[in-house]
Each structure stands twice: as structure tokens, then as C-alpha cells.
Amino acid sequence: MSPLRCSVCALVTPGFCPCRPDFTCIPEPLRGRGGIMTINKDIEAKILRYHFVEQWRVGTIASQLGIHHSVVDRVLSQAGLPKVERSPRASIIDPYLPFIREILAQFPTLTAARLYEMAKQRGYPGGPSQFRQRISQLRPRRQPEAYLRLKTLPGEQAQVDWGHFGSIHIDKAKRPLMAFVMVLSWSRQIYLQFYLNQQMENFLRGHVAAFEAWNGLPKVLLYDNLKSAVLERRGDAIRFHPTLLALSAHYRFEPRPVAVARGNEKGRVERAIRTIRDNFFAARHFQTLEELNQQADQWCQGVSGERRCPENTELTVQEAFHQEQPSLLSLPDNPFDTRERTRVMARKTPYIRFDLNDYSIPHQHVQKPLTVIAHLKQLCILDGEHMIAQHRRSFDKAKQIEDENHINALWLQKTNAKQHRGQDRLSAASAHMPLFLQQAIQRGHVLTTTLRLLNQLLDDYGRDELHSALDEALKQQSPYPQAVQHILERRRDEKQRPPPLAVAVPDKVKPYHIKAVNLAEYDQLNPSHEDGPVNDSETEQDKEKKQEPENAITTITKEGNHD
């Protein structure tokens, strides 16, 4: 039961009025906003009798019945009498009314605070509250606009717009969540797809995906004046975006923008965005953008398609769409190209920057202008017409997406350029080393560990043994240092040689290699070998003299190799 208000004392009471025990409390429903307060029929009859029969004035009736004079005016006006206009009392604002009306005629939206300040400068003595109340009565009201209900034929028109739905976090990146919405004007069929921005490429992707989902397209697409559709407009002269014109030429539809600030001309898509916001997106949980788009597609085919069609309430939206679909234009044989094409510049490092992330490239293409062709899932990097790299696209922020082959190739080149690095020493020791390292990296071995172990084996067994062991390891398809070590140890055991001794060799002399000299050639310098075997009676001093030239020549050879 609604609460009751006394029409005499204006108190909410269920029984008799406590302010006048001799007067019956007249209960009436509380007046809501925009509603009309009703009074007791008995009071209404008394008001009419006192006015028409007794010829009482409105003020007399109000004072005798204990009600407000506006209640009497309302009852009399409902009985067909014109409302009594009372002469207003003089006010301190009256001398300033011509000035206020003149200012409001020039500036209808000027605030009451500014008007009050201007009036105070001209001598207005009153306070701001009464002034504001009077300004609200004097301010010109805009004439309400009436709208025609627009009707379209099946397959004639669709309306397109973006809707902003907050943002989504992808690792460290915060991306805006934008909804591409297209609505068929006759059947009200909705196509909904979410993207991470409203750039031109996503605008095109939304069109192509909607056309493929409907297996056709309408003859006219209606847009507002967004930059993806209209670049410039002066009156009826419109300059469309050239990419949108290319899309319309490919699918043979007519792009048509609405008038400036006339959102009512595309009210169907505006209403659809509000429906999506209230009935689909509210309190919805999702983990990825792909999951959200899957839910959006299910909603368009299910809940949204089961609504009643406003053009024909006997049909659902899905049933109306099946009737409209044959009237749509047929699709061309090939879809429109919606890939992103961007010119980038590779700097000193083997990376290019695209959409807040860095992608690796082969080091031969640094400091060159390149082209990035991007899809939603992957991107390709081109040097002219030649594709040099391909990566999975990331929507993170400040992330390095690398191809290990690009980085390892640069690492190998940089180490080959420096003679003091361990890889250069291994490469000089064996021609099999580059292929061995490449296969080891492909199998997931750590490059630094592999180089350290191979350099140690080179110190222990020498370059010839290491070269032969690398050849055997490659033939066995075992490109890892432990296999090379096993081969070297097996050959050492077969030759019955002792294990190598660990000798600490300074790094600065490791790159140098001293060739072994055949000392038998120096025996020809001893004349006693020509006459016959050496006499056992030779003294130790004579033997030392014979060995001195040999040692001297050997020292010179090492120094020559060192130089």
C-alpha cells in the first residue's frame, strides 16, 4: 500500500490529522515525480460549490478549507475554468531583467554564476539563490525535436560503429578494448567482434568478418564521421578515406555518412551497442581476447538472435535474418586484403620495433629500411620482396621476440672477427667446427658450455685428434662435446696412451700453434753419420757439441712460428 499524505497539513499519516482535531484528515497518495496529487472527492465538491454557488474567491476557499491555493486552482482548471493569473509582486531583480534577457539571447548557455557576477557589477544587491532561480525561468528552452521513424527494405542498409569497453591487460601492456558492431537495419541482426584498437586495419577486418559471417552484405553502409570513414567534410562535400573507398569498390557497396552530430540517424547501431553493454558485456568473465570473441559469436547466434524483430514482431531476429539473407549482395571470389603494412628502419642491433615490441632479423639487414606485413596472429619482415624473418605477433609491451638462429648467427660472426675468442680458436683448429656448433645449437645445447668443453679437449688432445673426432661425431649424428670426448678417450685407449695431463696454459698463447719439426733432418749436419756409426769412445763433451746446432735451429723455428 502506498503511503498517504494529508492534504491539509502535508504530513504523512494513516488516520486523522493531529494538527486540527476538528478537521478530517484527507488521505491521498504521495505524488511522484511528474505525477499529479489527488484529493478527496468531498473536498473537490466543496471547492466547486463554494466557487460557483457561493461565489467565493480562491483565497477564501483555501483559507476556509485549510488547503493551499494551488490545490483550488487545479480543481477549478480541471472543471474547465482558466487558471487565475495573479499579478506578480515586485522584485529587486526586475530592473535587471532587460539586461539578463539580452545576454541570454546572445549566449543561451551562459552560466548563472557568470550572469550573477555581471549583475553584481551593475549594482544588483540580491543574493545568488534567488538570482539562480529566476535565471532558470528566463533561460530560453530549446524546442524539442520530433523524429520520423525510418524504415528500410531487406538487404538495403547496415549501420556500423565502434564501442569502447574499457581496457584489457596483456602482460605488461594495457590495451583499449574496442567492439566493432555492424547491424542490419531490417532484421536487426548483430555482428560483434572485439579488437585491441580501432585502427584502420581492424576496421577493415571487422567488415570482412561480418560479410563472411552473413555470407553477403547490404547495399548501403551507414557511418558516423569517424576518421576511418571520413577524412574531411564541408557541408555536403565529403572526402572519404581512400582505404574505405577501396573496400567499397571491392565489395560494391555504398558508404554513406550521417550528418554531423546526428547520432539519431544511426540509432539502430547505437541501440545495439547499449544492448551489448547491458545484456552481454556486463559481469562477463574471460581470460583472453579470443575467448571473449567466441562468447560474442555465441551470443549473437543465440540470445541476440532470439529477440523479437522490431520490423515484424511475429518473427525473431534470427528468422528475419534468414528472410533478409537472400537480398544481400553476394561476396567476391577473394576477400579484401586487411594486412597491416608498415615501413620500419633497422638500427645497429638486429631488431625492428613494431607495435611496442622488438622482433629479431638476420644481422645482414641492419641499418636498412624494411617492410613489416602483420596479421592478427603473425607478422612477416621483408627486405624488398624477399621475406627475411617471420614471427608470432605479440600484443605485449617492450618484449623481445627472437629467432635463435638470428642471434646465434650474429654471435658466430662477432666471435670469428675477434682472434682472442675461444670459438675462433676452435674454428681454426677444425673445418668441421661451424657445422658441429650449428647442429649442437639446434639440438638445444648451451653454446657457452659447448665451447668451453671443446676448448679443453683441444688443449688435452691437440687439433689433429680433435678434427678427426669431430668428423666421426658428425657422421654418427652426435653433435655434442661429450660424444667428442668419448671418441677421443676410446682412441687413446686403443693406442695405449696415458691420460692427458691438465696443463694450465695462458689464454694469450692458446691461439698460437707451433708446428712439429722432424729432427731427423738435422742429423745430416753431423759428419760422423756419413762415415759410419758413432764411436762409443766419444766423450760427453763431444756429444753436447753435436747437439748444440740442433737445439739452436729448433728455437729459431718456434720463434718464427710465434711471429
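This report describes the fold content, nonpolar cores, aromatic pairs and two local sites of a predicted model.

**Overall composition**

The chain contains 18 helices and 18 strands. Of its 563 residues, 38% count as buried. Among contacts between residues at least 6 apart in sequence, 57% join residues at least 24 apart. The exposed area of the chain is about 34,800 Å², of which carbon and sulfur atoms supply 51%.

**Nonpolar cores**

In soluble globular proteins, nonpolar side chains tend to be buried together. The largest nonpolar core here has 30 residues, and Met182, Phe203 and Tyr223 touch the most other members. Two or more residues come from each of β3 (157-170), β4 (173-184), β5 (190-195), α7 (200-214), β6 (220-223) and α8 (242-251). The element that gives the most to this core is α7, with 7 residues.

Tyrosine 223 shows the surroundings of one core member in detail. Not counting residues up to four places away in sequence, tyrosine 223 touches Val160, Phe203, His207, Ala229, Leu244, Phe253, Pro255, Arg256, Pro257, Val258 and Lys266. Apart from the largest core lies another, of 21 residues, with Phe165, Leu177, Ile276 and Trp299 among them.

**Aromatic pairs**

A pair of aromatic rings is described by the distance of the centres and the angle of the planes. The structure holds 19 aromatic pairs, and two of these are set out below.

| Pair | Centre to centre | Angle between planes | Geometry |
|---|---|---|---|
| Tryptophan 162 and phenylalanine 180 | 5.7 Å | 75° | edge-to-face |
| Phenylalanine 165 and phenylalanine 194 | 5.6 Å | 80° | edge-to-face |

Tryptophan 162 belongs to strand β3 and phenylalanine 180 to strand β4, so their pair ties together parts that are 18 residues apart in sequence. Both tryptophan 162 and phenylalanine 180 are buried. For the other pair, phenylalanine 165 lies in strand β3 and phenylalanine 194 in strand β5; the pair therefore ties together parts that are 29 residues apart in sequence. Phenylalanine 165 and phenylalanine 194 are also buried.

Phenylalanine 165 takes part in further interactions. Ring pairs link Phe165, Phe194, Phe280, Phe281, Phe286 and Trp299 into a cluster. In addition, the charged end of arginine 277 sits over the ring of phenylalanine 165, 4.5 Å from its centre. Phe165 and Trp299, both in this cluster, are also among the residues of the 21-residue core.

**Helix α5**

Helix α5 spans residues 112-121, and its buried residues are Ala112, Leu115, Tyr116, Met118 and Ala119. Viewed down the axis of α5, these buried residues fall within an arc of 165°, so they line one face of the helix. An α-helix has 3.6 residues a turn, so residues three or four places apart point the same way. The buried residues of α5 pack against α4 (97-106) and α6 (128-138). After α5 comes glycine 123, which has a positive phi, near 100°.

**Threonine 338**

Threonine 338 is placed in the loop between α11 (317-324) and β12 (340-345). Its relative accessibility is 17%, and because the cut-off for buried is under 20%, threonine 338 counts as buried. Leaving aside neighbours within four places in sequence, threonine 338 is in contact with Glu201, Leu204, Arg205 and Val208. Helix α7 covers residues 200-214, and the contacts of threonine 338 include Leu204 and Val208.

Technical notes: Residues numbered from 1 in each chain as written. Predicted model: local features only at pLDDT ≥ 70, side-chain atom pairs only at ≥ 80, totals over all residues. Heavy atoms only, no water. Buried < 20%, exposed > 50% of the residue type's maximum accessible area, 1.4 Å probe, protein only. Helix = DSSP H or I, 4+ residues; strand = E, 2+ residues; numbered from the N terminus. Arc of directions from axis to C-beta. Contact = heavy atoms within 4.5 Å. Core = buried A, V, L, I, M, F, W, Y, C linked by side-chain atoms within 4.5 Å. Phe/Tyr/Trp six-rings, centres within 6.5 Å; stacked < 30°, edge-to-face > 60°. Lys NZ or Arg CZ within 6 Å of the ring centre and 35° of its normal. Areas by Shrake-Rupley, 256 points an atom, 1.4 Å probe, with all protein chains shown as cover.
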